[in-house]
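Here is a friendly note to read alongside the model. Keep the 3D view open and look up each residue as it comes along.

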Amino acid sequence: MSDASRQTRVLKKSLASVVVAGVLGMQAAEVVSPHDGRWWPFVDYPMYSQAVGPGATSRMLELRAIPCHRGSPARRVTPYEIGYKEFRLVGSLRGIARADRTASADRDALSRVTAAHVVPAPCILEIWERAVTTTAHGVEPEQFRRPAWNRLASWEVAGPGSVNE
Amino acid sequence: MIAAALQALDRHWFAPGRLSDLALVRIIAFGSQTGIFLWYPDARVRSLPEQLLQTSAGAHLYDPLPLLRIMLWPFGQLSAGPPEPAFLTTVYVIAVAAGALATIGLFARPAMLAAAAAHALIVAHHYSYGEYHHAEALMIIALGVLALGPSAQVWSVDAARRRRRTGSPNPALSEFARWPLRVVQWLLALSYLSAAMSKLVTSRLSWFNGHTMTFYYTAVALATDREAPAHMATLPPALHILPSIIAWVVEAVFFVAILKPRYTWVVLLFGALLHLTVYATMGIAFFQTLLLYSVFVEHLRLTAGTPRDWLKRRRDR
């Protein structure tokens, strides 16, 4: 092997080693000290790791729009049609329902995007919740068969006010 | 002692490997990411119209990931708001075109680099609105790593043209054919280990109590309105204990697939069953991870006789 090709080989190996160390180092660092996805695609994998016992309640929140047109039925607003993602929308809805610090800004943002992107245009937005509680024997099938929804909040899209219930 | 350790490391990463193994993974990774995962299973979300909707309707949610910031900077798209629709459209076209070229191995090096960058940008943009997911993470890193290796030296249009031009056959082995596959193998092992450790650190043994899985099936059933997780949630929690233990063990010992090639097929089989069961019961798809199992092609080839012999012995018994 000539000196030149040996040098090239060593250089290639060195570069590959740097890539190996960099990639695996970043992944290992994220596993040891996670940053909640900030350094995606280097992420940790903690999904579904929180243990729960019997009697835990799982909650599902939904945004519904009541159209301005009289007699039109309310309908569910999916996150995708307003540029949101599922967990992000649920986080906003939860904050509004709890009247968190960010509730007002979240409400205004949802009013704005639903007015612009939901057809027919809504006049009132509502937050509904469905909750299912587990038991020592699993979930009662009836809870899935007959879902019970509760309205947590509603507000007028155009108006400034909101009513938490 | 140190010299022996360095030699072992050198063998682990740079022992001559088959270029066809690396080429196979290139075809699977770039082909699936371009031909399937850009459109499916979250086609509606990943699609160009949905991403353009994000840039307008979801502009107030825009919080670019550092990776996206780095990738946007050379193009002058690093303003306060999301990237311009024309820019995203161009990146989408590049992802498809370069991804196709990388898969067939035509102008392979620039195509692989461009495809890896374009796919990373698209998914990073998708995850820059306050929520990210895990399914593509390893695949996006894998595309970048494959693009840096000799992944199109064989089984590519470039290789066929080279052979025709020079008249000499392409090399079958290279000392640089192994490291990209090793990187992805260790990324997989680290990810699974992260999942196993999180459960232990967060919940200790109570994670295996069966009620935990009941709760997560319930949460998924509520979120997706699907029958399968709802049914699983109604089962006695005791039935979830053994599957929980098996799932955790698979995650915790996945690195054995790298260090003990004899057992690779067992670990991959259980890993695949784990992902397919999770998909069937919860609808959570990690198909990219399953396809990345192809980085173990050498281990599987070397032990190909093992599962066959095992099945034959069982039949003969």
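1. Let us start with one residue, B:T218, which sits in helix α11 of chain B. Please keep in mind that this is a predicted model. Is B:T218 buried or exposed? Its relative accessible area is 0%, and buried means under 20%, so B:T218 is buried.

2. What does B:T218 touch, once its neighbours within four places in sequence are set aside? The contacts are A:S58, A:V132, A:T134, A:V139 and A:F144 from chain A, together with B:A233 from chain B. Try selecting B:T218 and these partners in your viewer to see how a residue of chain B meets residues of chain A.

3. Helix α11 of chain B, which covers residues 211-224, also takes part in an aromatic pair between the chains. The partners are A:Y48, from the loop between α1 (3-32) and β1 (57-67) of chain A, and B:Y216, from helix α11. How are two such rings described? A pair of aromatic rings is described by the distance of the centres and the angle of the planes. For A:Y48 and B:Y216, the centres are 5.0 Å apart and the planes make an angle of 85°, an edge-to-face arrangement. The cover of these two residues is worth a look as well: A:Y48 is partly exposed at 34% relative accessibility, whereas B:Y216 is buried at 10%.

4. A second pair lies within chain B. The rings of B:F254 and B:Y293 have centres 5.7 Å apart and planes at 35°, so this pair counts as tilted. B:F254 belongs to the loop between α13 (241-252) and α14 (256-259), and B:Y293 to the loop between α16 (287-292) and α17 (297-302), so the pair ties together parts of chain B that are 39 residues apart in sequence. Both partners are buried: B:F254 has a relative accessibility of 0%, and B:Y293 has 7%.

5. Which residues join B:F254 and B:Y293 in one aromatic cluster? They are B:Y192 and B:F296. Over all chains, the structure holds twelve aromatic pairs, so please do not stop at the two described here if you enjoy looking for rings.

6. B:V253 is in the loop between α13 and α14 of chain B. At 33% relative accessibility, B:V253 counts as partly exposed. How far is B:V253 from B:Y192? Along the sequence they are 61 residues apart, while their C-alpha atoms are 8.4 Å apart in space.

7. Now turn to B:M139, in helix α8 (residues 137-148) of chain B. With a relative accessible area of 0%, B:M139 is buried. Beyond its neighbours within four places in sequence, B:M139 is in contact with B:A29, B:S32, B:Q33, B:Q288 and B:L292. As another distance to try in the viewer, B:M139 and B:I70 are 69 residues apart along the chain, and 19 Å separates their C-alpha atoms.

8. Let us step back to chain B as a whole. It has 18 helices and two strands. The radius of gyration is 22 Å, close to the 20 Å that the globule rule gives for 317 residues, so chain B is as compact as a globular protein of that length. Its C-alpha trace spans about 65 × 60 × 45 Å along the principal axes. Of its residues, 53% count as buried. Among contacts with a separation of 6 or more, 79% are between residues 24 or more positions apart.

9. Chain A has four helices and five strands, in the order α-β-β-α-α-β-α-β-β from the N terminus on. Why is chain A described as more spread out than a compact globule? Its radius of gyration is 25 Å, well over the 15 Å that the globule rule gives for 165 residues. The C-alpha trace spans about 85 × 45 × 30 Å along its principal axes. In chain A, 39% of the residues count as buried, and residues 24 or more positions apart make up 57% of the contacts with a separation of 6 or more.

10. Finally, consider surface and charge. Chain A has an accessible surface of about 9000 Å², with 57% belonging to carbon and sulfur atoms. Chain B exposes about 14400 Å², and carbon and sulfur atoms supply 68% of that. The mean positions of the 21 positive and 16 negative charges of chain A lie 6 Å apart; for the 26 positive and 16 negative charges of chain B, the separation is 12 Å.

Notes. Residues are numbered from 1 along each chain as its sequence is written. Chains are lettered from A and ligands numbered from 1 in the order in which they are written. This is a predicted model: local features need pLDDT of at least 70, side-chain atom pairs count only at pLDDT 80 or more; totals for chains, interfaces and linings use all residues. Side-chain values use heavy atoms; hydrogens and water are left out. The radius of gyration is taken over C-alpha atoms; the globule rule is 2.2 Å times the number of residues to the power 0.38. Buried means under 20% relative accessible area, exposed over 50%, partly exposed in between (1.4 Å probe, protein chains only). Contact means heavy atoms within 4.5 Å. Accessible areas come from the Shrake-Rupley method with a 1.4 Å probe; for residues, only the protein chains shown count as cover. Lys and Arg count as positive and Asp and Glu as negative; His and the chain ends are not counted. The place of a charge is taken as NZ of Lys, CZ of Arg, CG of Asp or CD of Glu. Rings of Phe, Tyr and Trp (its six-membered ring) pair if their centres lie within 6.5 Å; planes under 30 degrees apart count as stacked, over 60 as edge-to-face and the rest as tilted.
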